[in-house]
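User: I am new to this structure and would like a close look at one part of it. Please start there and then follow the connections outwards.

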Amino acid sequence: MVALESTIITHGMPWPQNVEMARGVEALIRDEGAEPATIVVLDGVLRIGLSDDELMRLAQTAGAMKLSRADLAFAMATGRTGSTTVAATMIAAALAGIRTFATGGIGGVHRGAETSLDISADLDELARTQVIVICAGAKAILDLHKTFEVLETKGVPVVGFGVDELPSFWSRGSGIPAPLRLDTPEEIAAFQSAREAIGLDGGMLIANPLSPELEIDRETVGDWIEKALRDAEAAGVRGKAVTPFLLQRIFELSGGRSLEANIELVRSNARLAARIAVASACA
Ligand code: PSU
Ligand code: MN
């Protein structure tokens with residue numbers, strides 16, 4: 001099985017591209033011989049897998065909470081609807097016995113964290129919960145050097161898939177070398193088995209760059225990010241609202257190009273996740 005997060009649907013992409021993305025991703029996981037499970041809290045119930053109708057309704061839900069470790073159980077206790085971030089999706093996936101999870105990009109250390117202390121709970125979750133997270137690196141809106149330093153400190157393996165340099169979400173490169181490199185889903189499954197054999201808990205991160213045809217060069221993305229960050233500052237955006245605000249602003253500034261790349265990279269990560277899940281099941 002392959003777990004999928006729902007924050008990307010409710011807070012990461014606009015309607016109707018969000019539901020098209022979610023459906024497409026589920027279909028391609030099935031094509032690879034695995035089973036998708038989109039994770040969300042619907043009216044207080046933690047769900048592992050949704051029907052097509054439910055997916056459609058979620059994609060049109062305004063005002064869903066954005067849930068992480070701190071408030072996942074809060075939404076359940078109060079009957080709320082909330083989508084799960086990387087951290088909350090990992091918790092739910094592990095509970096359900098699902099070890100492989102595909103997303104776009106993880107949260108991390110925000111720029112200016114030396115004064116704001118804004119560091120995503122995704123990083124701590126990677127350190128403690130045993131799920132393989134397949135992503136296109138951390139979102140380029142973050143301070144990537146600090147993000148990967150924290151992961152190293154916490155003992156989270158970061159593996160470049162078929163590459164020696166870490167991707168940065170919309171771009172294939174980041175200027176940061178991949179600490180580890182593997183080239184096949186079978187090698188990733190074997191690495192995970194070895195970690196389990198010596199009793200290492202915690203997750204690992206697989207960084208899978210998007211295709212060269214769809215990547216956006218780092219300088220172009222950098223300009224959009226600078227502008228979006230200035231707008232966020234001017235609007236006084238803080239806390240959980242920061243990431244959704246920046247993604248939406250970059251979508252507008254890029255004339256939709258950032259969204260196109262975002263959808264493609266999620267699809268590519270889902271395909272790889274399905275292959276890893278199948279390789280793990282066959283090992
Ligand atoms: N990746 C995307 N779009 C998103 C996110 C990731 O392509 O919307 C979400 C994930 O759910 C991630 C969250 O866990 O952003 C991080 O938010 P924060 O920085 O507030 O921790
Ligand atoms: Mn934050």
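Which residue follows α5, and is its phi positive or negative?

Analyst: Happy to help! The residue following α5 is glycine 97, and its phi is positive, near 80°. Before we go on, please keep in mind that this is a predicted model, in which local features need pLDDT of at least 70 and side-chain atom pairs count only at pLDDT 80 or more, while totals for chains, interfaces and linings use all residues. Residues are numbered from 1 along each chain as its sequence is written, and chains are lettered from A and ligands numbered from 1 in the order in which they are written. Helices (H or I, at least four residues) and strands (E, at least two) are DSSP runs, numbered from the N terminus.

Now to the helix itself. Helix α5 spans residues 86–95, and eight of its 10 residues are buried, so the rest of the structure largely encloses it. Here "buried" means that 20 or more other C-beta atoms lie within 10 Å of a residue's own, "exposed" means 12 or fewer, and "partly exposed" is in between, with C-beta atoms placed from the backbone. The buried residues are Val86, Ala87, Ala88, Thr89, Met90, Ile91, Ala92 and Ala93.

Valine 86 is a good one to follow. This valine belongs to helix α5, and it is buried, with 28 other C-beta atoms within 10 Å. Setting aside neighbours within four places in sequence, valine 86 is in contact with Glu5, Thr103, Ile106, Gly107, Asp122, Glu125 and Val133. Contact means that the C-beta atoms of two residues, placed from the backbone, lie within 7 Å.

Valine 86 also leads us to a record. An unreviewed UniProt entry carries the annotation "binding site" for Lys66, Val86, Ser120, Ala121 and Asp122. These residues are spread over 57 residues of sequence, yet they cluster in space, with 12.8 Å as the largest C-alpha distance. UniProt positions are given in the numbering used here, feature names are shortened, and annotations may be inferred rather than shown by experiment.

Lysine 66, from that group, sits in strand β4 (residues 65–67). This lysine counts as buried, with 21 C-beta neighbours inside 10 Å. Not counting residues up to four places away in sequence, lysine 66 touches Thr7, His11, Gly82, Ser83, Thr85 and Lys240.

The unreviewed UniProt entry also has a "binding site" annotation covering Asp118. Aspartate 118 lies in the loop between α6 (113–116) and α7 (122–128). It is partly exposed, with 19 other C-beta atoms within 10 Å. Beyond residues up to four places away in sequence, aspartate 118 touches His110, Ala113 and Val242. Leucine 117 is found in the loop between α6 and α7 too, and its phi is positive, about 60°, although it is not a glycine. With 9 C-beta neighbours inside 10 Å, leucine 117 counts as exposed. As background, most residues other than glycine have a negative phi, and most peptide bonds are trans.

Val242, which aspartate 118 touches, takes us to a pair of helices. Helix α10 (residues 218–235) and helix α11 (residues 242–253) pack at about 130°, with their axes 9 Å apart. That makes α10 oblique to α11. Axes are lines fitted to C-alpha atoms, for helices over the stretch in contact, and angles run from 0 to 180 degrees between N-to-C directions. Angles under 35 degrees count as roughly parallel, over 145 as roughly antiparallel, 65 to 115 as roughly perpendicular and the rest as oblique. From α10, Trp224, Ile225, Lys227, Ala228, Leu229, Asp231 and Ala232 make the contact, and from α11, Val242, Phe245, Leu246, Arg249, Ile250 and Leu253 do. These residues divide into 10 nonpolar, no polar and three charged. In this grouping, Ala, Val, Leu, Ile, Met, Phe, Trp, Tyr, Cys and Pro count as nonpolar, Asp, Glu, Lys and Arg as charged, and the others, Gly among them, as polar.

Finally, let us return to glycine 97. Its C-alpha atom is separated by 27 Å from that of valine 150, 53 residues apart along the chain. Valine 150 is placed in helix α8 (residues 144–153), and it counts as buried, with 20 C-beta neighbours inside 10 Å. Leaving out residues up to four places away in sequence, valine 150 touches Val109 and Leu123.
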